[in-house]
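Let's take a look at the pockets in this one. Have the model open as you read.

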Amino acid sequence: MLNPSAKQITLLKAVLFIAALGPLARLVLFGFTDRLGANPIEFITRNTGDWTLYFLCLTLLITPLRRVTNWNWLIKLRRMVGLFAFFYATLHFTTFLWFDHFFDVDEMLKDVVKRPFITVGFTAFVLLIPLAVTSTNAMVRRLGGKRWQWLHRLIYLIAPLGILHYWWMKAGKNDFSQPVLFGSIVAILLLARVYFNFLKPRMQKRRTNPAPT
(Lines give C-alpha, C1' and ligand atoms only; values in the text may rest on other atoms or scores of the structure.)
Protein backbone atom coordinates (compact mmCIF):
# COMPACT_ATOMS: atom_id res chain seq x y z
CA MET A 1 0.00 0.00 0.00
CA LEU A 2 1.34 3.39 -0.97
CA ASN A 3 2.28 5.23 2.21
CA PRO A 4 4.29 8.40 1.53
CA SER A 5 6.28 10.02 4.29
CA ALA A 6 5.61 13.52 5.63
CA LYS A 7 8.34 14.94 3.39
CA GLN A 8 6.88 13.20 0.36
CA ILE A 9 3.43 14.58 1.19
CA THR A 10 4.93 18.07 1.39
CA LEU A 11 6.60 17.58 -1.99
CA LEU A 12 3.37 16.23 -3.45
CA LYS A 13 1.48 19.28 -2.18
CA ALA A 14 4.06 21.57 -3.81
CA VAL A 15 3.72 19.73 -7.13
CA LEU A 16 -0.08 19.87 -6.88
CA PHE A 17 0.01 23.59 -6.08
CA ILE A 18 2.19 24.37 -9.11
CA ALA A 19 0.13 22.14 -11.41
CA ALA A 20 -3.13 23.72 -10.20
CA LEU A 21 -1.81 27.14 -11.19
CA GLY A 22 -1.11 25.84 -14.70
CA PRO A 23 -4.51 26.84 -16.17
CA LEU A 24 -4.09 30.40 -14.87
CA ALA A 25 -0.54 30.57 -16.26
CA ARG A 26 -1.91 29.38 -19.62
CA LEU A 27 -4.54 32.12 -19.63
CA VAL A 28 -1.92 34.76 -18.83
CA LEU A 29 0.39 33.42 -21.56
CA PHE A 30 -2.44 33.36 -24.09
CA GLY A 31 -3.34 36.91 -23.11
CA PHE A 32 0.18 38.23 -23.70
CA THR A 33 0.56 36.31 -26.98
CA ASP A 34 -2.88 37.27 -28.36
CA ARG A 35 -4.21 33.68 -28.40
CA LEU A 36 -7.47 34.14 -26.53
CA GLY A 37 -9.47 33.94 -29.75
CA ALA A 38 -12.00 36.27 -31.31
CA ASN A 39 -13.88 36.65 -28.00
CA PRO A 40 -11.31 36.77 -25.17
CA ILE A 41 -13.93 37.37 -22.46
CA GLU A 42 -15.88 34.26 -23.44
CA PHE A 43 -12.64 32.24 -23.59
CA ILE A 44 -11.61 33.31 -20.08
CA THR A 45 -15.11 32.83 -18.67
CA ARG A 46 -15.52 29.33 -20.02
CA ASN A 47 -11.97 28.28 -19.19
CA THR A 48 -12.23 29.35 -15.55
CA GLY A 49 -15.69 27.79 -15.31
CA ASP A 50 -14.41 24.48 -16.69
CA TRP A 51 -11.55 24.39 -14.21
CA THR A 52 -13.92 25.14 -11.36
CA LEU A 53 -15.85 22.00 -12.29
CA TYR A 54 -12.65 19.97 -12.68
CA PHE A 55 -11.53 20.86 -9.17
CA LEU A 56 -15.00 20.28 -7.73
CA CYS A 57 -14.97 16.79 -9.23
CA LEU A 58 -11.48 16.15 -7.86
CA THR A 59 -12.63 17.28 -4.43
CA LEU A 60 -15.53 14.83 -4.53
CA LEU A 61 -13.24 12.07 -5.82
CA ILE A 62 -10.77 12.11 -2.94
CA THR A 63 -12.91 10.46 -0.25
CA PRO A 64 -14.24 7.56 -2.41
CA LEU A 65 -10.74 6.98 -3.77
CA ARG A 66 -9.39 6.92 -0.21
CA ARG A 67 -12.05 4.41 0.82
CA VAL A 68 -11.27 2.10 -2.12
CA THR A 69 -7.47 2.26 -1.90
CA ASN A 70 -7.01 2.84 1.86
CA TRP A 71 -4.68 5.69 0.95
CA ASN A 72 -5.66 7.81 3.94
CA TRP A 73 -3.00 10.38 3.10
CA LEU A 74 -5.17 11.58 0.21
CA ILE A 75 -7.30 13.47 2.73
CA LYS A 76 -4.34 15.81 3.24
CA LEU A 77 -4.71 17.02 -0.36
CA ARG A 78 -8.46 17.64 -0.25
CA ARG A 79 -8.27 21.10 1.30
CA MET A 80 -5.92 22.41 -1.37
CA VAL A 81 -8.01 20.93 -4.18
CA GLY A 82 -11.17 22.45 -2.73
CA LEU A 83 -9.54 25.86 -2.35
CA PHE A 84 -8.45 25.78 -5.98
CA ALA A 85 -12.07 25.07 -6.93
CA PHE A 86 -12.99 28.26 -5.06
CA PHE A 87 -10.04 30.10 -6.63
CA TYR A 88 -11.14 29.36 -10.19
CA ALA A 89 -14.79 30.01 -9.27
CA THR A 90 -13.69 33.44 -8.03
CA LEU A 91 -11.85 34.10 -11.29
CA HIS A 92 -14.95 32.96 -13.17
CA PHE A 93 -17.22 35.28 -11.18
CA THR A 94 -14.75 38.19 -11.35
CA THR A 95 -14.64 37.89 -15.14
CA PHE A 96 -18.43 38.09 -15.21
CA LEU A 97 -18.56 41.06 -12.81
CA TRP A 98 -15.65 42.93 -14.36
CA PHE A 99 -15.90 42.48 -18.12
CA ASP A 100 -19.66 41.93 -18.43
CA HIS A 101 -20.77 44.57 -15.89
CA PHE A 102 -17.68 46.70 -15.15
CA PHE A 103 -18.19 46.19 -11.38
CA ASP A 104 -21.73 47.59 -11.52
CA VAL A 105 -23.17 45.44 -8.73
CA ASP A 106 -26.76 46.61 -9.26
CA GLU A 107 -26.70 45.63 -12.94
CA MET A 108 -24.99 42.37 -12.06
CA LEU A 109 -27.70 41.49 -9.53
CA LYS A 110 -30.42 42.32 -12.07
CA ASP A 111 -28.73 39.93 -14.49
CA VAL A 112 -28.57 37.28 -11.78
CA VAL A 113 -32.31 37.56 -11.16
CA LYS A 114 -33.26 37.74 -14.84
CA ARG A 115 -31.20 34.83 -16.21
CA PRO A 116 -31.73 31.46 -14.48
CA PHE A 117 -28.39 29.92 -15.46
CA ILE A 118 -26.59 32.88 -13.88
CA THR A 119 -28.83 32.64 -10.80
CA VAL A 120 -27.78 29.01 -10.31
CA GLY A 121 -24.09 29.74 -10.90
CA PHE A 122 -24.14 32.72 -8.56
CA THR A 123 -25.84 30.61 -5.86
CA ALA A 124 -23.16 27.93 -6.18
CA PHE A 125 -20.42 30.55 -5.89
CA VAL A 126 -21.99 32.13 -2.78
CA LEU A 127 -22.26 28.69 -1.15
CA LEU A 128 -18.58 28.08 -1.84
CA ILE A 129 -17.55 31.13 0.18
CA PRO A 130 -18.24 29.74 3.68
CA LEU A 131 -16.45 26.52 2.74
CA ALA A 132 -13.34 28.46 1.73
CA VAL A 133 -13.50 30.73 4.79
CA THR A 134 -13.76 27.77 7.18
CA SER A 135 -11.06 25.65 5.53
CA THR A 136 -8.39 26.38 8.15
CA ASN A 137 -7.60 24.23 11.18
CA ALA A 138 -8.48 27.15 13.44
CA MET A 139 -11.98 27.32 11.97
CA VAL A 140 -12.42 23.57 12.38
CA ARG A 141 -11.63 23.95 16.08
CA ARG A 142 -13.86 27.00 16.44
CA LEU A 143 -16.87 25.39 14.77
CA GLY A 144 -16.33 21.94 16.19
CA GLY A 145 -15.86 18.85 14.08
CA LYS A 146 -19.52 17.94 13.62
CA ARG A 147 -20.72 21.43 12.69
CA TRP A 148 -17.76 21.83 10.36
CA GLN A 149 -18.60 18.56 8.63
CA TRP A 150 -22.25 19.54 8.24
CA LEU A 151 -21.26 22.89 6.74
CA HIS A 152 -18.86 21.32 4.27
CA ARG A 153 -21.55 18.94 3.07
CA LEU A 154 -22.74 21.93 1.06
CA ILE A 155 -20.35 20.59 -1.58
CA TYR A 156 -23.03 17.96 -2.34
CA LEU A 157 -25.35 20.81 -3.35
CA ILE A 158 -22.73 23.06 -4.94
CA ALA A 159 -21.52 20.48 -7.45
CA PRO A 160 -24.99 19.72 -8.90
CA LEU A 161 -25.72 23.47 -9.07
CA GLY A 162 -22.50 23.91 -11.00
CA ILE A 163 -23.56 21.20 -13.43
CA LEU A 164 -27.00 22.79 -13.86
CA HIS A 165 -25.35 26.18 -14.50
CA TYR A 166 -23.15 24.57 -17.14
CA TRP A 167 -26.09 22.69 -18.69
CA TRP A 168 -28.22 25.83 -19.11
CA MET A 169 -25.25 27.76 -20.47
CA LYS A 170 -24.65 25.09 -23.14
CA ALA A 171 -28.38 24.76 -23.88
CA GLY A 172 -28.25 27.98 -25.90
CA LYS A 173 -26.02 26.22 -28.42
CA ASN A 174 -27.72 22.84 -28.07
CA ASP A 175 -24.39 21.35 -26.97
CA PHE A 176 -24.95 18.92 -24.11
CA SER A 177 -22.02 16.51 -24.48
CA GLN A 178 -19.78 18.11 -21.86
CA PRO A 179 -22.57 18.86 -19.33
CA VAL A 180 -23.68 15.23 -19.61
CA LEU A 181 -20.10 14.07 -19.02
CA PHE A 182 -19.62 16.32 -15.99
CA GLY A 183 -23.07 15.43 -14.69
CA SER A 184 -22.36 11.71 -14.98
CA ILE A 185 -19.06 12.07 -13.12
CA VAL A 186 -20.67 14.05 -10.29
CA ALA A 187 -23.58 11.61 -10.07
CA ILE A 188 -21.20 8.63 -9.80
CA LEU A 189 -19.14 10.37 -7.11
CA LEU A 190 -22.24 11.28 -5.09
CA LEU A 191 -23.61 7.74 -5.40
CA ALA A 192 -20.24 6.46 -4.17
CA ARG A 193 -20.71 8.60 -1.05
CA VAL A 194 -24.17 7.08 -0.52
CA TYR A 195 -22.72 3.60 -0.86
CA PHE A 196 -19.81 4.09 1.54
CA ASN A 197 -21.75 6.13 4.11
CA PHE A 198 -25.05 4.24 4.19
CA LEU A 199 -25.30 1.06 2.11
CA LYS A 200 -21.96 -0.53 2.92
CA PRO A 201 -22.30 -0.15 6.74
CA ARG A 202 -25.77 -1.70 6.60
CA MET A 203 -24.51 -4.60 4.48
CA GLN A 204 -21.64 -5.22 6.90
CA LYS A 205 -24.01 -5.06 9.86
CA ARG A 206 -26.25 -7.67 8.29
CA ARG A 207 -23.30 -9.97 7.72
CA THR A 208 -22.12 -9.55 11.29
CA ASN A 209 -25.61 -9.91 12.80
CA PRO A 210 -27.62 -12.17 10.47
CA ALA A 211 -31.36 -12.31 10.98
CA PRO A 212 -32.50 -15.25 13.17
CA THR A 213 -34.00 -18.18 11.33
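The second largest pocket holds about 650 Å³ of space, in what is a predicted model. It has 29 lining residues, and T45, H92, F96, F117 and H165 sit closest to its centre. Helix 3, helix 4, helix 6 and helix 9 are the elements that each give two or more residues to this lining. Helix 3 has the largest share there, with nine residues. Sorted by class, this lining comes out as 16 nonpolar, eight polar and five charged residues.

Now for the largest pocket. Its volume is about 990 Å³. Here 31 residues make up the lining, and those nearest the centre are T63, R78, W148, H152 and R193. The elements giving two or more residues to it are helix 3 (40-69), helix 4 (75-100), helix 6 (116-133), helix 8 (145-152), helix 9 (155-171) and helix 10 (177-208). Which helix gives the most to the lining of the largest pocket? That's helix 4, with eight residues.

Here's how the two linings split by class:

| Pocket | Nonpolar | Polar | Charged |
|---|---|---|---|
| Largest pocket | 16 residues | seven residues | eight residues |
| Second largest pocket | 16 residues | eight residues | five residues |

To pull the helices together: helix 3 leads in the lining of the second largest pocket, while helix 4 leads in that of the largest pocket.

Notes:
Residues are numbered from 1 along each chain as its sequence is written. This is a predicted model: local features need pLDDT of at least 70, side-chain atom pairs count only at pLDDT 80 or more; totals for chains, interfaces and linings use all residues. Side-chain values use heavy atoms; hydrogens and water are left out. On a 1 Å grid over the protein atoms alone, a cavity is a set of points where a 1.4 Å probe fits but cannot get out, and a pocket is an open set with protein on both sides within 12 Å along at least five of seven lines; lining residues have an atom within 4 Å of a point. Grid points are joined across faces, edges and corners, and a volume is the space filled by probe spheres set on the points. Helices (H or I, at least four residues) and strands (E, at least two) are DSSP runs, numbered from the N terminus. Ala, Val, Leu, Ile, Met, Phe, Trp, Tyr, Cys and Pro count as nonpolar, Asp, Glu, Lys and Arg as charged, and the others, Gly among them, as polar.
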